[in-house]
Amino acid sequence: MGSALIDGLFVFMLAGFIGFEVIKRVSPLLHTPLMSLTNALDAIAVVGAIVLVGEHKSQLSFILGFLAVVAATSNVVGGFLITDRMLKMFKSSRPAKS
Amino acid sequence: MNTEFAGSQHIIEIIYLIASVLFILSLKWMSAPKTARHGVWAGEIGMILAIAGTLLHHGIVDYKWIFVALAIGSGIGVPLGLVQMTAVPQRTALSHAFGAFCVTLVGSAEFYLRTPDVPPFMMAVLCMEVILGSLTFTGSLMAAGKLQEVLPQRPITYKGQNLVNLGLLGVAIVAGIYLVLHPGAKQLFPVMVVIPLLFGIFMIMPIGGADMPTVISLLNSYAGLSAAAMGFVVGSKLLIIAGALDGSSGFILSVIMCKAMNRSFSNVMFGAFGQVQASAAGGKEERTVRSATAEEASGILAAANRVVIVPGYGMAVAQAQHKVRELYDALTKRGVDVRFAIHPVAGRMPGHMNVLLAEADIPYDRLVEMDDINGDFPQTDVALIIGANDVTNPAARTDQSSPIFGMPILDVDKARTVMVIKRSMNPGFAGIDNPLYYLDRTLMLFGDAKSFVNSIVHELSGNTH
């Protein structure tokens, strides 16, 4: 139990540093799509909600889990969709090499 | 049963591992527009793998309702993914709210399933998850409402506001600490949900539209942190990683926004923002401005070699980006070098202007960040300001008494000619007078951004014999 939490803290710390280094390099040009993309990725919380619905341990956890799956899925679908739509619009004036 | 059980558990963990790699690559590929779409695909594949892997979870007995929920969620998500580009800031705020909503619900469900057998550390993380989740939920809804203009955009302030807000947060934290010490105190849990819900509302009340870029980034960061906390609670390393990535992304963006407005991070953290009051209102002497017509403006633009356009939120409000594109085309055709100067806090969220201009098909290599273009203004013939105000205010450099003193600005006043498209002489959002408008080299173009740009384009195309 205790070691699982410590493991989690290590993962959190490392992922925080990776996030910091990776996101620092994102061009300010793309800050809006970056935010919608991280939002979609964040909706991976849906996995926790799916388990709640699937396990059906109590009526309350089932209902809360159900609503959570709906909310998170809408973020997944909407987030990826709008990020891709935005990125499609960014074009260079120099002809792309094929 | 045991070996089979452990086997499927390992498969799920390996799927999550692959998804984590894809998520990190996804953000890495966002570094440049060329690779950015690969980033979206990587993220999508990672997401599908993770959801599919979760369905293998041994404890799941009921699939029907999972698929129903997934279908309803997708049905809501599609229209949210198809909104107009001008509505992206409020859509983003809304999705922060949805993410936080999910986290809060899962946190609550886990609490009632597990209490009172919750070890102190786990309870502390759970409390953090629920507190951050619920304040982000209402805070983001408020922000979305302000951006959609269903709520007043003006800051609402009253005496002792910060005290009330911090007091509320304090009550929630105390309730959390009590729960850590007495995990059986079920009756306290609703307090820990409701109080932060109220706090979220009060937190956004004093914030005005111009501060939205910082606030949205901050809410982004909170949403990420609450998801990471949920990762601890449900024991999902993948979620911890995704939450940490989202949290650090929001954090970095808030820091960038703070720097671009010359505010300290703690100033923003403690909700004292949006309170830049018009203190410089006194000592108003009658100063003359020079105005010009579309015909005169187009003559000057056509004769220029280098033009820099400075877009601001006013351009988004007037939906003028497509007309601006026509202006860009007309001038480029005449051999004028046209670029766009983008201030980090122009608009209502980080990168807002870039998206609008990209939507209007303006090539992204024409969009130049503040630090890269500021040195070029002395060699610029015309700086054309469309719907931007405070980010061009030279008082930020020179006038120590100005509320925006020290804020980095676009040095448009160094251009040979400055043109400002503006509805009237009313001061901008922050209520700060802009000395730029009284310079000898400044021409005021009074009118609606869209129709004025349109008449300039009209003049330019009419002049080609």
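## Helix H3 of chain B and its surroundings

On the other side of H3(B) from its buried residues, B:Lys64, B:Phe67 and B:Ala71 are exposed. Keep in mind that this is a predicted model.

So what sits on the buried side? The buried residues of H3(B) are B:Ile66, B:Ala69, B:Leu70, B:Gly73, B:Gly77 and B:Gly81. Looking down the axis of H3(B), you'd find these buried residues within an arc of 100 degrees, so they line one face of the helix. That fits a general rule: an α-helix has 3.6 residues a turn, so residues three or four places apart point the same way. The partners across from the buried residues of H3(B) belong to chain A: they pack against helix H3 (46-55) and helix H4 (59-89) of that chain.

The length of the helix checks out too. Helix H3 of chain B covers residues 64-81, and its 18 residues at 1.5 Å a residue should span 26 Å; the end C-alpha atoms are 26 Å apart, which agrees.

Zooming out, chain B splits into two domains, domain 1 (2-269) and domain 2 (294-463). Their C-alpha centres lie 36 Å apart. The contact between them draws on 20 residues from domain 1 of chain B and 18 residues from domain 2 of chain B. On the domain 1 side of chain B, three helices each supply at least two of the residues touching domain 2: H4 (88-114), H8 (212-234) and H9 (237-260). Here is how that side of domain 1 breaks down by class:

| Class | Residues on the side of domain 1 of chain B that touches domain 2 of chain B |
|---|---|
| Nonpolar | 14 residues |
| Polar | six residues |
| Charged | no residues |

Then there's the largest nonpolar core, with 197 residues, where A:Ala45, A:Val69 and B:Ile386 touch the most other members. Helix H5 (residues 120-147) of chain B gives the most to this core, with 16 residues. Domain 1 (2-269) and domain 2 (294-463) of chain B both give residues to this core, so it lies between them. As for B:Ile386, leaving aside neighbours within four places in sequence, its contacts include B:Ile309, B:Met315, B:Val324, B:Ile421 and B:Val453.

One last stop is B:Gly406, in the loop between helix H16 (395-398) and strand E5 (417-422) of chain B. B:Gly406 has 13 C-beta neighbours inside 10 Å, so it counts as partly exposed. Beyond its neighbours within four places in sequence, B:Gly406 is in contact with B:Asn262 and B:Ala396. The C-alpha atoms of B:Gly406 and B:Met128 are separated by 36 Å, with the two residues 278 residues apart along the chain.

Terms used:
Residues numbered from 1 in each chain as written. Chains lettered and ligands numbered in written order. Predicted model: local features only at pLDDT ≥ 70, side-chain atom pairs only at ≥ 80, totals over all residues. Domains from an automatic or database assignment. Contact = placed C-beta atoms within 7 Å. Helix = DSSP H or I, 4+ residues; strand = E, 2+ residues; numbered from the N terminus. Nonpolar A, V, L, I, M, F, W, Y, C, P; charged D, E, K, R; others polar. Buried ≥ 20, exposed ≤ 12 C-beta atoms within 10 Å, placed from the backbone. Core = buried A, V, L, I, M, F, W, Y, C linked by C-beta atoms within 7 Å. Expected span 1.5 Å × (residues − 1). Arc of directions from axis to C-beta.
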